[in-house]
Amino acid sequence: MTSQRRVVIALGGNAMTGPDGSATPAAQRAAIAVAAGHVAGVVATGAEVVVTHGNGPQVGNLLVKNELSAHEVPPVPLDWNVAQTQGTIGFTVVDELDAALAARGLAQRATALVTRTLVDADDPGFSEPTKPVGRFLPRERAQQFVDLGQNWEDRGEKGWRRVVASPEPRSVLDSPAIRALAGAGFVVVCAGGGGIPVVDDGQDGAALRGVEAVIDKDLTAALMAAELGADTLVIATDVDHVMVDFGTPDSRPLGRVTTAELRAHAAAGQFARGSMGPKVDAALRFVEGGPGRRAVVTSLQNIAAAVDGDAVGTVITHHEES
């Protein structure tokens with residue numbers, strides 16, 4: 001492990017779009033500029049920083065383009081969509097990070113790396129695709145894509161929606177390159193959208209190919225943080241804390257908690273699978289994977305304070321301090 005603190009920051013989808021969810025280029029750049037300012041604040045603490053990010057709205061937009069142009073050009077596969085959004089978001093984040101770092105008088109500069117994540121070709125998720133992506137379509141339109149080999153489901157009154165596999169990430173294949181770039185002083189932007197899903201049809205990376213899937217970005221962030229020897233994983237979201245008894249009069253935020261306490265809350269059904277559940281799962285996996293690790297789930301504006309102390313957010317550690 002590096003002697004310098006190494007921090008992996010996972011930016012939520014809210015950091016990539018406007019306050020109203022707008023995904024126009026201008027709205028995305030403005031939102032990314034705000035996020036970059038907060039990331040620069042983490043760099044200013046002296047930490048070595050690696051950044052990953054969501055790409056849901058951007059992939060959704062590309063899928064719409066696939067649908068609208070299917071009669072003219074062949075739709076590109078989902079792994080290509082993930083790669084394209086990694087490139088677009090990556091260069092935009094790098095531009096805004098460089099500006100934010102320079103504004104603080106920091107010497108570090110940013111770089112982006114198109115990143116692959118290895119998944120198991122036999123993962124059960126491939127036999128039962130469940131992850132909804134893209135927009136709803138009427139049955140006749142959806143049938144065009146079913147004929148192309150895609151999986152679509154009838155979702156009732158809203159129409160049909162594409163469902164894809166969401167396999168477990170096994171390894172971030174480009175971790176050695178990420179580690180080298182971070183060690184050379186770069187703020188590395190990588191593994192967007194959970195990484196480009198690939199399987200190995202050979203051995204030891206001899207026959208890699210992309211597959212139609214979406215990998216949970218927070219699970220990839222936890223895995224990558226472990227592979228990079230990070231001390232802290234920060235999962236930035238749109239709330240200050242993980243909440244328990246959410247939506248009831250007894251709702252309360254979690255501050256510093258142990259992995260055992262958080263697992264007990266999860267077992268009690270406190271965290272929804274479609275919202276806070278994956279973030280809690282990712283934080284637990286990272287902290288439980290090695291001694292001395294900590295994870296923080298908090299809002300974007302709190303991430304610098306989250307790296308320097310336990311006063312903000314939900315801080316997950318192995319044990320309470322005596």
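Helix 2 gives the largest share of the lining of the largest cavity, three residues. This is a predicted model. The largest cavity holds about 50 Å³ of space. The structure has one cavity of 30 Å³ or more.

The lining of the largest cavity is made up of Leu63, Asn66, Glu67, Val133, Gly134, Phe145, Gln150, Trp152 and Arg162. Helix 2 supplies at least two of these residues, and so does strand 5 (131-137). By character, the lining splits into four nonpolar, three polar and two charged residues. Two domains take part: domain 1 (6-119 + 169-317) and domain 2 (130-164) each give at least three residues to the lining.

## The aromatic pair at the cavity

Phe145 and Trp152 both line the largest cavity. A search of the whole structure finds one aromatic pair. Its rings belong to Phe145 and Trp152, with centres 5.8 Å apart and planes at 25°. The angle is under the 30 degrees cut-off, so the pair counts as stacked. Phe145 is buried, at 2% relative accessibility. Trp152 is buried too, with a relative accessible area of 10%.

## The second largest pocket

The second largest pocket contains about 300 Å³ of space. Three elements give two or more residues each to its lining: helix 1 (25-43), helix 2 (56-69) and helix 3 (78-103). Helix 3 contributes the largest share of that lining, six residues.

In total, 15 residues line the second largest pocket. Nearest its centre lie Ala23, Pro25, Gln28, Gln58 and Thr88. The lining divides into six nonpolar, seven polar and two charged residues.

Helix 2 thus appears in both linings: it gives two or more residues to the second largest pocket and three to the largest cavity.

## Strand 9 and its partners

Which residues of strand 9 point one way, and which the other? Val187 and Val189 point one way, Val188 and Cys190 the other way. All four are buried. In a regular strand, side chains alternate between the two faces of the sheet.

Strand 9 pairs with strand 2 (residues 48-53) in the parallel sense, over two bridges. Here Val50 stands opposite Val188. Strand 9 also pairs with strand 3 (residues 110-113), again in the parallel sense, over four bridges. In that pairing Ala112 stands opposite Val189.

## The four-stranded sheet

An open sheet is formed by four strands in the order 8-4-10-11, with mixed pairing. Strand 8 (171-172) and strand 11 (208-210) stand at the edges. Each has a single partner strand, so one side of each is left without a neighbour in the sheet.

Strand 10 (residues 196-200) pairs with strand 11 in the antiparallel sense. Three bridges join the two strands. Val198 has Gly210 of strand 11 as its bridge partner.

The strand pairings described so far are set side by side here.

| Strands | Sense | Bridges | Partner residues |
|---|---|---|---|
| Strand 2 and strand 9 | parallel | two bridges | Val50 and Val188 |
| Strand 3 and strand 9 | parallel | four bridges | Ala112 and Val189 |
| Strand 10 and strand 11 | antiparallel | three bridges | Val198 and Gly210 |

## Loops with positive phi

Ala191 sits in the loop between strand 9 (187-190) and strand 10. Its phi is near 55°, a positive value in a residue other than glycine. Is Ala191 buried or exposed? Ala191 counts as buried, at 0% relative accessibility.

Asp245 also has a positive phi, about 55°, although it is not a glycine. Asp245 lies in the loop between strand 13 (243-244) and strand 14 (252-253). With a relative accessible area of 24%, Asp245 is partly exposed.

## A contact far apart in sequence

Where is Gln4 placed? Gln4 is in the segment before strand 1 (6-11). Gln4 counts as partly exposed, at 35% relative accessibility. From Gln4 to Ala230 there are 226 residues in sequence. In space, the two are 9.6 Å apart, C-alpha to C-alpha.

How values were computed. Residues numbered from 1 in each chain as written. Predicted model: local features only at pLDDT ≥ 70, side-chain atom pairs only at ≥ 80, totals over all residues. Heavy atoms only, no water. 1 Å grid on protein atoms, 1.4 Å probe; cavity = no way out; pocket = protein on both sides within 12 Å on 5 of 7 lines; lining within 4 Å. Points joined across faces, edges and corners; volume = space filled by probe spheres on them. Nonpolar A, V, L, I, M, F, W, Y, C, P; charged D, E, K, R; others polar. Domains from an automatic or database assignment. Pairing = 2+ DSSP bridges. Buried < 20%, exposed > 50% of the residue type's maximum accessible area, 1.4 Å probe, protein only. Phe/Tyr/Trp six-rings, centres within 6.5 Å; stacked < 30°, edge-to-face > 60°.
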